[in-house]
Amino acid sequence: MPGRVTTPDVQRLGVRIAGTGVCLPPRRVSNHDIAQRVDTSDDWITKRTGIQTRYFADDATTVRDLARDALLAALEDAKVEASDLDLVILATITPEMACPSTAARVAAEVGATPAGAFDLAAACSGFVYGLNLASSLIESGRNRCVAVIGAETLSRHVNHDDRRTCILFGDAAGCAILRADEDAGPPSATASGGRGVLHQAMHSRGELWSALYMPRANKHIPPELDPAVTTEPGWNGQLDALQMHGQEVFKFAVIQTCDMIQEALDATGLKPDDLKLIIPHQSNQRIMATARDRFGLPKDKLYINIDRFGNTSAASVPLCLHECRTQGKITDGDLVLFLAIGGGMTWSTSLWRV
Ligand code: UT7
């Protein structure tokens, strides 16, 4: 299938996730806080999404601040100098500007210049796309050390009077430092010695774009689409805010999440039991629980922390990864499946022996 890459049989280097770090803005927002402004309740949000709290950046904090601090924390954890980085990939749909990339400024602020740097726009799938790109560059020997960051300030881009979207999203950043590991060599589904990506997939279906979109400003909507989008079910009356047809995204996400897991298992010959953990994008607890039930997975096989952070788009997978590493839920040699679905529509998997 286009977009799917099962590891070719060539001489490759092992890749390790050498360190992780996160940054959360200090302001924690509860469901009760949101219910002060729109007609909703803690009970509705908890039951329909699993979310209890999320974090919002204050006016003085930008996505660059969150991304930089997550990167600094990850460098420290990995015991890697910023000057060792070959590349900084920043997955975000809320960059500070279209140009320069937020990644370039983050790289400069931590002292990583002249490392390559670019922003990657694949919405909630962005971090998993980034893991796949970075690991491929390292395993081919072209780069030795790459930072992959997921950072978002979606609280700036939702209409806080639209109860269908304002309940869902939060701000955060997470980062993983990927390094070449020549001693370990490439990974295998059956032997535990190698490290890196066993299977990766990156997909999109742009014809479904209007299920979830976020123009930068009214003038960025293609003129021929303006009347059309304002009749979409997801339309919330504020053209420069995130627009979402929640049910459409929900149905798509349930189907794709199950298909992605199956695709990764089929490509590698692994069984669900072989996986130590599935780390999914934190879209909605019900989406994740449906996929878990479909494969008969025990609760602790699929990591969920949406209750505390909400849906942080590209930041959600690295937030989970960091928690799982620091809490010992994944250790050296485990098989871990990362997956995400987001606007575009995009979706991606990355199956690792970590
Ligand atoms: O990260 C990828 C991007 N996004 C997603 O993955 C989101 C996927 N979608 C979802 O998570 C869900 O569709 C939502 C959480 C957004 C909405 O949940 P739902 O169960 O699909 O609700 P719904 O849109 O079907 O609405 C059901 C009812 C409606 O009322 P009526 O028409 O039945 O009277 C809504 O008006 O719930 C109402 N409603 C609310 N009520 C209280 C919608 N939002 C709220 C709210 N509080 N915040």
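Me: A molecule sits in a cavity or pocket if more than half of its atoms lie within 2 Å of its grid points. Where does the ligand sit in this structure?

Reply: The ligand sits in the largest pocket. A pocket here is an open set of points on a 1 Å grid over the protein atoms alone, with protein on both sides within 12 Å along at least five of seven lines. The model is a predicted one, in which local features need pLDDT of at least 70, side-chain atom pairs count only at pLDDT 80 or more, and totals for chains, interfaces and linings use all residues. Residues are numbered from 1 along each chain as its sequence is written, and side-chain values use heavy atoms, without hydrogens or water.

Me: Which elements give two or more residues to the shell around the ligand?

Reply: They are α2 (42-49), α7 (246-268) and α8 (285-294), and α7 gives the most, with 4 residues. These helices are DSSP runs of H or I with at least four residues; strands are runs of E with at least two.

Me: What makes Thr 40, Arg 48 and His 281 polar contacts of the ligand?

Reply: A polar contact is a pair of N or O atoms within 3.5 Å. A side-chain N or O atom of Thr 40 is 2.6 Å from a nitrogen atom of the ligand. For Arg 48, a polar side-chain atom lies 2.7 Å from a ligand oxygen. For His 281, a side-chain N or O atom is 2.8 Å from a ligand oxygen. Each pair therefore meets the limit of 3.5 Å.

Me: How much of the ligand does the protein cover?

Reply: The protein covers 75% of the 940 Å² of accessible area that the ligand has on its own, by the Shrake-Rupley method with a 1.4 Å probe.

Me: What makes Pro 100 and Pro 114 notable?

Reply: Most peptide bonds are trans. The bond from Cys 99 to Pro 100 is cis, with omega near 5°, and the bond from Thr 113 to Pro 114 is also cis, with omega near 5°. Pro 100 is in the loop between β5 (87-91) and α4 (102-110), while Pro 114 lies in the loop between α4 and β6 (116-120).

Terms used. A polar contact is a pair of N or O atoms within 3.5 Å; within protein, one must be able to donate a hydrogen and the other to accept it, and residues adjacent in sequence count only if both atoms are side-chain atoms. On a 1 Å grid over the protein atoms alone, a cavity is a set of points where a 1.4 Å probe fits but cannot get out, and a pocket is an open set with protein on both sides within 12 Å along at least five of seven lines; lining residues have an atom within 4 Å of a point.
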